[in-house]
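Colleague: I should like to understand how the terms used for a protein model are justified. May I put some questions to you, one term at a time?

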Amino acid sequence: MAEQEAPGAADAGPGPGSDSPDSDSDSDSGAGASGESEMEFLRTLLSRTLGLGGEGPEKVLEELTLEGVSRFMLSDQCKNVVCMVGAGISTSAGIPDFRSPGTGLYANLASYNLPYPEAIFDIRFFKKNPEPFFALAKELYPGQFKPTVCHYFMRLLKEKGLLLRCYTQNIDTLERVAGLAAEDLVEAHGTFFTSHCLGTACRKQYNLDWMKEKIFSSLVPKCDQCNNVVKPDIVFFGESLPSRFFSLMQSDFQKVDLLLVMGTSLQVQPFASLVSRVPAKTPRLLINKEKTGQSDFCLSLLGYGPGLDFDSDKAYRDVAWLGDCDAGCAALAELLGWKTELQELVKREHAAIDTKSQQPPRDSAAGSTPPPQPAQTPGSSSEKSSGAEGKKE
């Protein structure tokens, strides 16, 4: 939803002007050192991008298939899984994605009389005309949809001690409803879970229930302290991504043993560039309707590579499972021996949501409220399971 400037190639190594010499002789030696560093950076970049020189990276998958990924997940080599997810994991819940021709969100905004489709998520347009966004929010508001098989598969990863983090582009909060805690998540494009007053001197926080009451009353939410518009904490075009995104990716993507990418077109930066931040031997599994995120030479030179490589002669770690995201997660769960466990989890959680929806609503008030609490899984643990239902340490 929100785009950032692409990091320059110099971010990956020293660039011109990195030395500050105090004398002419120092200047000459400094220039020489800088030149050598630049040449080393270029050699490394070309080697990484073109596959020139040196031995190939270590191959950890026995085969580039879903079966190969499942065997790796059940081995002692796989301890930390990072998920990258987009709108495609929520479409089976009834939430449209953004870019699908004909059915995507951007293709169905004519009734809002927007100057261009993306304006509905543009912070400059929102500040002048917030009504279209809140009208759309009424249709898509969190709490009207149930998490999907994909969401609960990530819940199983957490319960088996495998989930390091879920990086999500989605703002529907379904990861939280499915049982992922705030510390499990990096909500790269923000969330509806909290809202803040846009008044610079105010910035009062409001909770999900307060915002829901305003939206379903067809009112533009206004702060009860300063009367400025209150905006959900989702990232609009023209806004920066949350600091948590940048701080955690530095550590998470050095620890990751398996990258699981689901339901995203990998078109929006800097989120899409995360696939290139994993160690060279880390397998990457894409579960999506079509292949995406593949290497692009020009983007690699800008620091956005290497991308995914499914089909070249040099492919050694990337696997694509093409089809519906729920079906892909179900197929992987079956190979892992988790099929029945996943089916029972989805059935139990959906029943709990149905029961809760039949209860009278609580009073809503400004402030913080705890996230929806999922039903407890019998025998669930933060430790890895052993046997057919998990991997052994």
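Modeller: The questions below take up charged pairs, burial, strands and aromatic rings in turn.
This is a predicted model, in which local features need pLDDT of at least 70 and side-chain atom pairs count only at pLDDT 80 or more, while totals for chains, interfaces and linings use all residues. Residues are numbered from 1 along each chain as its sequence is written, and side-chain values use heavy atoms, with hydrogens and water left out.

Colleague: Why is the contact between K146 and D354 called a salt bridge?

Modeller: A salt bridge requires a side-chain nitrogen of Lys or Arg within 4 Å of a carboxyl oxygen of Asp or Glu. The closest N and O atoms of K146 and D354 are 2.7 Å apart, so the pair meets the cut-off of 4 Å. In general, side chains of opposite charge can pair when their charged atoms come close. The structure holds 15 salt bridges.

Colleague: What makes K146 and D354 a link between distant parts of the chain?

Modeller: K146 lies in the loop between α4 (131-140) and α5 (149-159), whereas D354 belongs to helix α11 (residues 339-357), and the two are 208 residues apart. The helices (H or I, at least four residues) and strands (E, at least two) are DSSP runs, numbered from the N terminus.

Colleague: How do you know whether K158 and D184 are buried or partly exposed?

Modeller: Buried means under 20% relative accessible area, exposed means over 50%, and partly exposed lies in between, with a 1.4 Å probe and protein chains only. K158 has 28% relative accessibility and therefore counts as partly exposed. D184 has a relative accessible area of 10%, so D184 is buried. These two residues also form a salt bridge, with their closest N and O atoms 2.9 Å apart.

Colleague: What makes R284 and D318 a buried salt bridge?

Modeller: The closest N and O atoms of R284 and D318 are 2.8 Å apart. R284 lies in strand β8 (residues 284-288) and D318 in strand β9 (residues 318-322), so the salt bridge ties together parts that are 34 residues apart in sequence. R284 counts as buried because its relative accessibility is 3%, and D318 counts as buried because its relative accessibility is 3%.

Colleague: How do you know that β1 and β2 pair?

Modeller: Two strands pair if DSSP finds at least two bridges between them. Strand β1 (residues 81-85) and β2 are joined in the parallel sense over five bridges, so they qualify as a pair. One of the bridge partners is R165 in β2, which is matched with V82. Strand β2 (residues 163-168) is mostly covered, as six of its six residues are buried.

Colleague: Why is the pair of F133 and F192 called stacked?

Modeller: Rings of Phe, Tyr and Trp (its six-membered ring) pair if their centres lie within 6.5 Å; planes under 30 degrees apart count as stacked, over 60 as edge-to-face and the rest as tilted. The rings of F133 and F192 are 6.3 Å centre to centre, with 10° between the planes, so the pair is stacked. F133 lies in helix α4 and F192 in strand β4 (residues 190-197), so the pair ties together parts that are 59 residues apart in sequence.

Colleague: What makes R176 a charge over the ring of F193?

Modeller: The test asks for NZ of Lys or CZ of Arg within 6 Å of the ring centre and within 35 degrees of the ring normal. The charged end of R176 sits over the ring of F193, 4.3 Å from its centre, so the distance satisfies the limit of 6 Å.
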